[in-house]
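This report describes selected features of one protein chain, moving from a single side chain to strands, a helix and the nonpolar cores. The sequence and structure follow.

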Amino acid sequence: MAFVDEAYRLPNECRRGEKPFYALAAVLLTIDDHATIRADLHSIVGGNWWHTVDAQQTNDELPKIEALTDYLADYRDPCVLAVCHTPGPDDQAIGMRAVSLSALLAALGSQAPRPDAGEGHQRTVPAQAKMIVLERQNRHQDTDRDLHTIRQARQSGVIGRHFPVMHVSPSIENLLWLPDLVSHTYRRYITHDEDLVTRLGGQTVTIELPANKSDPLGAAAYVQGVSRLFR
């Protein structure tokens, strides 16, 4: 199963010297591992609630961000799939999410094509998912937009017509803490030059979307490791 969250900074939100970005992070975890991972996450965090952005604001919580990152880095299989794109001056988060979610569905769906081996080394892509869990949106209209993107993916054959995609609150499913962690560390990597996310380089495949967003799937580039696209 794939657990998904996003991070972004649009052009009109950037401070001086910052670059805009959009990243959608999926963490793939084998179903047999879920119960153990849930228990481990509770143990690392020391409770039933976690939000990485809030933890970043408290010095006492920073070691937990590192501990969670190292925990994910030790997972036995490549388990992070990040869809990344540099927004144009007129792009909005709604549109970027739709394009990135389409690319993610194509990469994880049962009918997705597999990328070829990279020259000089094998590009390892995480296993295809049987289900995708998205963090529940705050507004119903945002969820409706996701559902529209999912319907389009089904109709176009990118995913099977019965491929399950659900919206769930992180307070109910704490495995969503992991994509929240990855998307946050990706953000800090881009905006603050923090390299914590590079610890996940061996576990990560990055999909770099093409500039032509009308075809986000066919020309997407798969890059092993944490992409330097935004550096």
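In this predicted model, the side chain of Thr206 reaches the backbone oxygen of Gly225 at 2.9 Å. Thr206 belongs to strand β6, which covers residues 204-208. Is Thr206 buried or exposed? Its relative accessible area is 0%, and the cut-off for a buried residue is under 20%, so Thr206 counts as buried.

**Strand pairing**

Strand β4 (residues 132-135) is joined to β1 by three bridges, and the two strands run parallel. Strand β4 is also joined to β5 (residues 165-168), here by four bridges and again in parallel. One bridge from each pairing is listed below.

| Strand pair | Bridges | Direction | One bridge pair |
|---|---|---|---|
| β1 and β4 | three | parallel | Ala2 and Ile132 |
| β4 and β5 | four | parallel | Val133 and Met166 |

Between β4 and β5 the chain passes through helix α5 (residues 140-155), and this β-α-β crossover is right-handed.

**Helix α4**

Helix α4 spans residues 93-108, 16 residues in total. The distance from its first C-alpha to its last is 22 Å, close to the 22 Å expected at 1.5 Å a residue. Why is α4 described as largely enclosed by the rest of the structure? Because 12 of its 16 residues are buried. Among them are Met96, Val99, Leu101, Leu104, Leu105 and Leu108, as well as Arg97 and Ser100. The remaining buried residues of α4 are Ala93, Ala103, Ala106 and Ala107.

**Nonpolar cores**

The largest nonpolar core has 36 residues, and the members that touch the most others are Leu29, Leu72 and Leu178. Two or more residues of this core come from each of β1 (2-9), β2 (21-28), α1 (34-45), α3 (62-73), β3 (80-85) and α6 (177-192). Helix α6 provides the largest share, seven residues.

What does Leu72 touch, leaving out residues up to four places away in sequence? Its contacts are Val27, Cys79, Val80, Leu178, Val182, Leu200 and Gln203. Leu178 is thus both a contact of Leu72 and one of the three core members with the most contacts to other members.

A second core, separate from the largest one, holds 31 residues. Leu134, Val158, Val205 and Ala220 are included in this second core.

Definitions and conventions:
Residues numbered from 1 in each chain as written. Predicted model: local features only at pLDDT ≥ 70, side-chain atom pairs only at ≥ 80, totals over all residues. Heavy atoms only, no water. Expected span 1.5 Å × (residues − 1). Buried < 20%, exposed > 50% of the residue type's maximum accessible area, 1.4 Å probe, protein only. Core = buried A, V, L, I, M, F, W, Y, C linked by side-chain atoms within 4.5 Å. Contact = heavy atoms within 4.5 Å. Pairing = 2+ DSSP bridges. Right-handed = clockwise from strand over helix to strand, strands pointing away. Polar contact = N/O pair within 3.5 Å; in protein donor to acceptor, adjacent residues only side chain to side chain.
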